[in-house]
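Here's a quick walk through one protein chain, with the sequence and the fold to look at as you read. Keep the viewer open and click along.

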Amino acid sequence: MNPVTFDILRTPEEGGAIRVVKGALLVPDGPIIPYIEGDGIGPEVVLAAQKVVDSAVDAAYGGKRRIVWFKMKAGKEAREDYGKLLPEDVFKAIEHYVVALKGPLTTPIGEGYRSLNVTLRQRLDLYANVRPIFWIPGVPSPLKEPWKVDLTIFREATEDVYAGIEWSHDSQETRKIMNFLSDEFGIRVREGSGLGLKPISEFASKRLVRKALSYAFERGRKSVTLMHKGNIMKFTEGAFMQWGYEVAATEFSDEVVTEREVQEELDGKVPEGKVVLKDRLADNLFQQLLTRTDEYDVIATTNLNGDYISDAAAGLVGGLGVAPGANIGDYNALFEPIHGSAPKYEGLNKVNPTAEILAGAMLLEYIGWDEAANLIRGGVKKAVKAKEVTYDLARRIDGAHTVGTREFSHKVIENLEA
Ligand code: NAP
């Protein structure tokens, strides 16, 4: 790989870059991992996560491996050095070092900025937004049987109504498109309507479903569900589903069986080691997650459906403070909590660092350091079980003792090996 030249950043003197060799990550024992602290509560939760990650790596590999953190500036703190919120150095660093950790970034309202997060995903082509949703025993849940929730959601992140192709009701563009629709196709749209386009391509749908199927197969998961609204939007949502089945048939025929095959040809029995591919209408899946929770495992879906279902699913297992996520491309990956920068809590040592800590565990898993990732998940579970938790959980757990961000991360570290 070519050396990287930054505008302001200086390449760390120790550690090495992760490389992609023959389609796999080659990870040195001291990988350089860029990180963005982010805005608001970002610096507090990122620092807490880094400490937990470092302790877990140390505990798992006895000093043989360690992460060399490489600070990048984005958001408010980048403005001073670079005069902009998202400098080129950030894109260069993530592209060069492959994997990065991120805190939440505030998108200033009313200053003409696009969301910084959407920009990062689109510029780096991080097309799969991956959200594991599982219950940590002791975390308050509205479900009677929250232990049945163990989902990983793959949300397509580059297309759909998020592509930003829309025009206001009173624009010239809308007028032109309305005239075109009327003249060419005889379609009348109600006067005074705003218009938006929902592009869904074969390319983007197939690569997203391919990632979800590979993940399910590699991790021994039971099923992948294609979530869509194809009964109403046949050529976008319906096509997403069809392309999903096509990928499975052409590229995963040894690993996957469809639900229909299981029912009609295999007497209801799933062959050992096979992943079942099924599909559900989006509205139905929302209710089935509540009523038949354990029938769902990996979910692959379009951008808007994925946005809704992942926050709803996070709500089943304790909410934003405990929900991590990742933005993954072919190889580049950026790990972050689902929550935002919660500015009212900035600097108070109050918020829950669990989501950022678990994003750190996802990062470790992504680079193949599963032992350290498992220690972190175990440490979080034990810390929560001891009922010494941050305010967001403490207010819903009987007999809990409220601790701060730092103190909670210390509890996780104390429990890494216990
Ligand atoms: P938010 O920052 O996620 O906060 C909303 C509420 O969620 C908080 O008031 C708090 O609820 C709870 N919460 C969030 N993080 C928590 C944590 N770590 N521990 C405990 N509770 C937590 O959402 P927002 O206020 O709508 O957005 C603020 C800014 O963040 C906006 O500029 C938005 O653009 C940005 N944002 C960034 C990202 C990202 O970087 N990926 C994602 C979403 C939003 P209670 O007050 O009820 O306790």
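## A helix and its neighbour

Start with valine 412, which sits in helix α14. Keep in mind that this is a predicted model. Valine 412 has a relative accessible area of 0%, so it counts as buried. Compare it with aspartate 81: the two are 331 residues apart along the sequence, and their C-alpha atoms are 35 Å apart in space.

Helix α14 (residues 405–414) also pairs up with helix α1 (residues 42–61): their axes come within 10 Å and cross at roughly 15 degrees. That angle makes α1 roughly parallel to α14. The crossing of the two is right-handed.

## Salt bridges around glutamate 336

A search of the whole structure turns up 32 salt bridges. In one of them, lysine 102 meets glutamate 336, with 2.6 Å from N to O. Lysine 102 is in strand β5 (residues 99–102) and glutamate 336 is in strand β15, so this pair ties together parts 234 residues apart in sequence. Both lysine 102 and glutamate 336 are buried.

Glutamate 336 has a salt bridge with arginine 121 too, where the closest N and O atoms are 3.5 Å apart. Here the link runs from helix α4 (residues 116–123), home of arginine 121, to strand β15, across 215 residues. Arginine 121 is buried, just as glutamate 336 is.

## Another bridge, and a network

Aspartate 150 and arginine 221 form a salt bridge as well, their closest N and O atoms being 3.6 Å apart. Since aspartate 150 lies in strand β7 (residues 150–156) and arginine 221 in the loop between α6 (202–218) and β10 (223–228), the pair ties together parts 71 residues apart in sequence. Aspartate 150 is partly exposed at 41% relative accessibility, while arginine 221 is buried at 14%. Elsewhere, Asp29, Lys64 and Arg65 are joined into one network by salt bridges that share partners.

## Two odd spots in one loop

Most residues other than glycine have a negative phi. Alanine 342 has a positive one, about 30 degrees, and it is found in the loop between β15 (333–337) and α11 (354–366). Asparagine 349 also has a positive phi, about 50 degrees, and its place is in the loop between β15 and α11.

Buried or partly exposed: which is alanine 342? It is partly exposed, at 28% relative accessible area. Asparagine 349 is buried, at 17%.

## A greasy patch

On the surface, Phe180, Phe185 and Ile187 make up a nonpolar patch with about 320 Å² of accessible area together. Isoleucine 187 is in the loop between α5 (172–185) and β9 (195–196), and its 41% relative accessibility makes it partly exposed.

Definitions and conventions
Residues numbered from 1 in each chain as written. Predicted model: local features only at pLDDT ≥ 70, side-chain atom pairs only at ≥ 80, totals over all residues. Heavy atoms only, no water. Patch = residues over 30% accessible without salt bridge, like charges linked within 9 Å, V, L, I, M, F, W, Y side chains within 5 Å. Areas by Shrake-Rupley, 256 points an atom, 1.4 Å probe, with all protein chains shown as cover. Salt bridge = Lys/Arg side-chain N within 4 Å of Asp/Glu carboxyl O. Helix = DSSP H or I, 4+ residues; strand = E, 2+ residues; numbered from the N terminus. Buried < 20%, exposed > 50% of the residue type's maximum accessible area, 1.4 Å probe, protein only. Axes fitted to C-alpha atoms, helices over the stretch in contact; angles between N-to-C directions. Parallel < 35°, antiparallel > 145°, perpendicular 65-115°, else oblique. Left-handed = near helix turned anticlockwise from the far one by under 90°.
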